[in-house]
Amino acid sequence: MNDENTTHETADELESLRQENEELKLAARLRNAREEVTADLITAGARSPELLFGSVISELQFDDAGRTANASALIAHLRKTYPEQFTDIRPTASIDAGAGSGSTANILTAEALGKMSPAEIQRLDWAEVKRCLES
């Protein structure tokens, strides 16, 4: 009788582990699908990619490898159904807020420092002066 209880407990534990494994696989597939589809939505000019993803999560289909099989079709459907949620203006890859603010004519060198008066040197960015003196 004791062996029967142990076998039953082992079977229950095994089934519990299988179920947990399936849940983890589903969670990983959904996470990957969210990343893939929201990236595609951003590329498509979506204003609220996470919100749009939430509206199609129940329609996701996966291939044998676990990747989203119908992402393009879902995005096309979203563009048709909710055109106001998309813009034709694509986000820039990155924004360099300091780009263009400095002049290449004002590159600090040891030679330029040598020609400056103490008052001019005091007005400089000390991090830049330190970088110049170290190089």
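Me: Leaving aside neighbours within four places in sequence, which residues is Thr38 in contact with?
Reply: Happy to start there, keeping in mind that this is a predicted model. Thr38 is found in helix 1, which covers residues 2–43. Once neighbours within four places in sequence are left aside, its contacts are Ala33, Pro49, Glu50 and Phe53.

Me: Is Thr38 buried or exposed?
Reply: A residue counts as buried when its relative accessible area is under 20%. The relative accessible area of Thr38 is 9%, so Thr38 is buried.

Me: Which residue's backbone oxygen lies 2.5 Å from a polar atom of the Thr38 side chain?
Reply: A polar contact calls for a pair of N or O atoms within 3.5 Å. The 2.5 Å pair joins a polar atom of the Thr38 side chain to the backbone oxygen of Arg34.

Me: Where around the axis of helix 2 do its buried residues Pro49, Leu52, Phe53 and Val56 lie?
Reply: Helix 2 runs over residues 49–56, and Pro49, Leu52, Phe53 and Val56 are buried in it. They cover an arc of only 105° around the axis, so these four sit on the same side of helix 2.

Me: Which residue lies over the face of Phe62?
Reply: Aromatic pairs are no part of this picture, as the structure holds 0 of them. The face of Phe62 does have a partner, at 4.4 Å from the ring centre: Arg29.

Me: How many helices does the protein have?
Reply: From the N terminus on, the elements run α-α-α-α-α-α. Strands number 0, and the count of helices is 6.

Technical notes:
Residues are numbered from 1 along each chain as its sequence is written. This is a predicted model: local features need pLDDT of at least 70, side-chain atom pairs count only at pLDDT 80 or more; totals for chains, interfaces and linings use all residues. Side-chain values use heavy atoms; hydrogens and water are left out. Buried means under 20% relative accessible area, exposed over 50%, partly exposed in between (1.4 Å probe, protein chains only). Helices (H or I, at least four residues) and strands (E, at least two) are DSSP runs, numbered from the N terminus. The arc is that of the directions from the helix axis to the C-beta atoms. Rings of Phe, Tyr and Trp (its six-membered ring) pair if their centres lie within 6.5 Å; planes under 30 degrees apart count as stacked, over 60 as edge-to-face and the rest as tilted. A charge sits over a ring if NZ of Lys or CZ of Arg is within 6 Å of the ring centre and within 35 degrees of the ring normal. A polar contact is a pair of N or O atoms within 3.5 Å; within protein, one must be able to donate a hydrogen and the other to accept it, and residues adjacent in sequence count only if both atoms are side-chain atoms. Contact means heavy atoms within 4.5 Å.
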